[in-house]
Structures are given as C-alpha cells and as structure tokens.
Amino acid sequence: MKTIEDLDVAGKRVFVRADLNVPLDGSTITDDGRIRAVAPTIAKLLERGAKVVVASHLGRPKGEPDPKFSLAPVAARLGEILGRPVAFATDTVGESATAAVAALGEGEVALLENLRFNAGETSKDDAERKAFAEQLAALADLYVGDGFGAVHRKHASVFDLPALLPHAAGDLIATEVGVLKRLTDEVARPYVVVLGGAKVSDKLGVIDNLLKKADRILIGGGMAYTFLKAKGHEVGISLLQEDQIPTVLDYLKRAEDTGVEFVLPVDVLVSAEFPDLKTKAPADFETVDADEIPADKEGLDIGPKSRELFASKLADAGTVFWNGPMGVFEHPDYAGGTSAVAQALVDSDAFTVVGGGDSAAAVRILGFDETKFGHISTGGGASLEYLEGKQLPGLTALEG
Ligand code: ADP
Ligand code: MG
C-alpha cells in the first residue's frame, strides 16, 4: 500500500476520503474523535502545498439531501482543529462543490457535503456507483483513502474512486491497519476480547474467527441476552436475537472443545422501561442475578458482580480488544459496566484496543484519558470485519 509520502501532491487537487461520521445532538458534535484522527493527514497534505478536497458520509440519509445529516457542523470543527479556514460546499458533486474546488489555492482545504446525499455512493449497482465515482474523480487529481471507519463498505468513494485516480493510504488507515495486524499476527497472551453493544447480529460473526485466536471472550451489553437465552435463561424484554441462538450454541460448544473461556454476566441491572436519554431522569432499576431476569423487564447494564468478574478476567491480559458498550452508557445509571471495563483496560499492562464508534465515544464521554489506551480505533464494523478475516473493499482498492 502506498503512503502519502509516495505521492507528489504540491499544487495538486487531493481528494481525501475521511470518516467524519461523528455523533451529533442536533447540530452539536458530541464526540469529535474521528475529526481529530484524520486531521494530521490533512494538515500534512496542506503543508506540502496540496489543494485538499475532503469528503465523508454522515449517518444514513437515503441517497438525497437531508439537513439532519449535513456536514456543515463538521466543517466548522475541522477548521478549529486545523487552525485554518475550511471552505464548505453545500453539495457533493454539483455547482457548489465545483466552485469550492476551483477556488482552492495551494495549502487550502474544502469539505464537500455528505457523500450519501447521492444515491450513487451506496448503490449496489456497479454502473450507478461508478458513474458517481467519475463525478467525484472530476474534482481531483489524486486520491487519499483515510476513512478507516468506512473501508468495509463497497461504496463509490471508498471502492470505485481509487481505481480512477493515483492513490495512497492516509496515515490514519496506515496506523489502524498496523494495530489490527498486531491483533492477528503477533498477539501477546492472554488475548482477551470483550464484546457488547447493540448491533448483535453484526458482531456475532467475529466470534467465529476469534474462537481460533482469543483465550477469553467476555460478553456484555445487548449481546449478552442472546447468550443467556441460549443457555436456557429467561431474558424478559431484553435485546434478543432469537434467530442467532443456534449460532451462539455452536460457539459455546466450540469454545468448550478448544478451551476458549466464555465469560457471561452473572448479574444485570433490569428495568421495566428504557431510560430517557434526553432528560437523563433517574432510572427505576433493580439488580438481579443473570438467571433471574423477570419476564417483564429488560437488562440495561451488567451488574456489580459482573463488573468485578470482567475486571478480574482482564487483569492479567497481554492483549485486549474491546468492542461494544456493556450497557446503555448514555444514561448515567447504566454507565457503570462500561466504566468498569474501561477502567480495567486502563489498569492493565496489556496492549489495549478499543474499537467501535459508540465504544470509543463512551470512553471519552465517561472521562477516561485516551492516552491510557493502546489504541482507540475510529472503526467499529471495519475492525470487526478485518478480525473476521474478511477482505475490506476500501483496503483492497488502495492496494491495487
Ligand atoms: P459500537 O458503536 O461501539 O460498535 P454498538 O453500536 O453495537 O457499539 O452499540 C452501542 C449501543 O449499544 C449504545 O447506544 C448502547 O446504549 C447500546 N446498548 C448497550 N447495552 C445495551 C442493552 N443491554 N440494551 C440495549 N442497548 C444497549
Ligand atoms: Mg455504534
């Protein structure tokens, strides 16, 4: 894979595919980690006299403009981080984008509006995607892929565009891939993996491959209830992926056969209702053993005994990969499990990697010092698919 040092960028229009998909509360950015992560690549290109055209997706608009998903707040924040003005185009390949790019001088930067305001970006039809990639290619001379969080997507700006322009990987992608290699090729043991979060079916796949690599797998968050149910426990109205129970049973069986230790919560915080994340009004919850969840209640965090158990399983780790919060950390009453795991990572001497948009945001929102972790990844799905052993379209495209 070429790096940006291999490109002669002075005076050239350089298209940087970034992942600026940050969490927003209205138009307020609640965690700017992804913007800070790609800023050094952009700064380096600007210093070398490039005319930088930055593009990203944000959220899941439906292939047409939707002000809720505008990148305008991101342009302002990127400008603050870079310490220089960032021109903002109100479209992606239209008049505004063309004018903004034409106006760029050497060492100047523009951000295009959300790539996903265009149906071609995510289209499953190769021709439609390629047509959009060609429109993007007209705006640039060179391509730098640095949107690590999107490299598992076969999207126009990620997969098709690099084929149309001389290209290289940005520094963020180079770093992220280096870390993932450390998790697959040369792992310090014990290798402990912690999985949680809400995207259960997306994440179960990674366990298949991790069963061959990890020594211990800790399961919390919304994921845990499918495991508890598979073991025959009542899970009430908790998040449940009923159709995945056979898969989960197979994992548990294989883990037993190969000596991989599966650790499930032994107690959980349950409530009859999902908490109000806007007002953060105190929740009405109780702590119950994991095999005693009432039929009318939902598990929303791992309990105190589980937090201690998980911390003890992390204490002697050589390597930790953590993806997915242990509970609904957005509410203070259900943030304790996620905090406990984050603290255990901070306390350990292991090489610790946190992956996943919400997990990474949780670590920062809960007040942990980022520098206390080995690496906080900007990609959730991308990291998981890499660890699953899949080919990632955005990386394949940069290799060619
Ligand atoms: P990541 O972005 O780190 O990959 P996910 O997107 O899979 O993680 O999941 C994050 C979400 O999971 C958070 O919004 C959190 O509130 C939610 N979550 C965690 N535990 C539970 C639970 N027990 N029930 C419902 N949602 C949960
Ligand atoms: Mg998420």
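The surroundings of ligand 1 and the packing of two helices are described here for a predicted model.

Ligand 1 is surrounded by 20 residues, and the closest of these are Ala 198, Lys 203, Glu 330, Asp 358 and Ser 359. By class, the shell comprises ten polar, six nonpolar and four charged residues. Polar atoms of the protein approach the ligand from both side chain and backbone. An oxygen atom of ligand 1 lies 2.4 Å from a polar side-chain atom of Glu 330. On the backbone, an N or O atom of Gly 357 is found 3.4 Å from an oxygen atom of ligand 1, and a polar backbone atom of Gly 222 is 3.4 Å from a nitrogen atom of the ligand. Taken alone, ligand 1 exposes 580 Å², of which the protein buries 91%.

Two or more residues of the shell around ligand 1 come from each of the elements β14 (298-302) and α13 (357-365). The contribution of α13, at three residues, is the most given to this shell.

The packing of helices α8 and α10 was also examined. Helix α8 spans residues 200-210 and helix α10 spans residues 245-258. The two pack at an angle of about 20 degrees, and their axes are 11 Å apart. Angles under 35 degrees count as roughly parallel, and α8 and α10 are therefore roughly parallel to each other. The crossing in which α8 passes α10 is left-handed.

Definitions and conventions: Residues are numbered from 1 along each chain as its sequence is written. Chains are lettered from A and ligands numbered from 1 in the order in which they are written. This is a predicted model: local features need pLDDT of at least 70, side-chain atom pairs count only at pLDDT 80 or more; totals for chains, interfaces and linings use all residues. Side-chain values use heavy atoms; hydrogens and water are left out. A residue is near a molecule or strand if one of its heavy atoms lies within 4 Å of it. A polar contact is a pair of N or O atoms within 3.5 Å; within protein, one must be able to donate a hydrogen and the other to accept it, and residues adjacent in sequence count only if both atoms are side-chain atoms. Accessible areas come from the Shrake-Rupley method with a 1.4 Å probe; for residues, only the protein chains shown count as cover. Helices (H or I, at least four residues) and strands (E, at least two) are DSSP runs, numbered from the N terminus. Ala, Val, Leu, Ile, Met, Phe, Trp, Tyr, Cys and Pro count as nonpolar, Asp, Glu, Lys and Arg as charged, and the others, Gly among them, as polar. Axes are lines fitted to C-alpha atoms, for helices over the stretch in contact, and angles run from 0 to 180 degrees between N-to-C directions. Angles under 35 degrees count as roughly parallel, over 145 as roughly antiparallel, 65 to 115 as roughly perpendicular and the rest as oblique. A crossing is left-handed if the near helix is turned anticlockwise from the far one by less than a right angle, and right-handed if clockwise.
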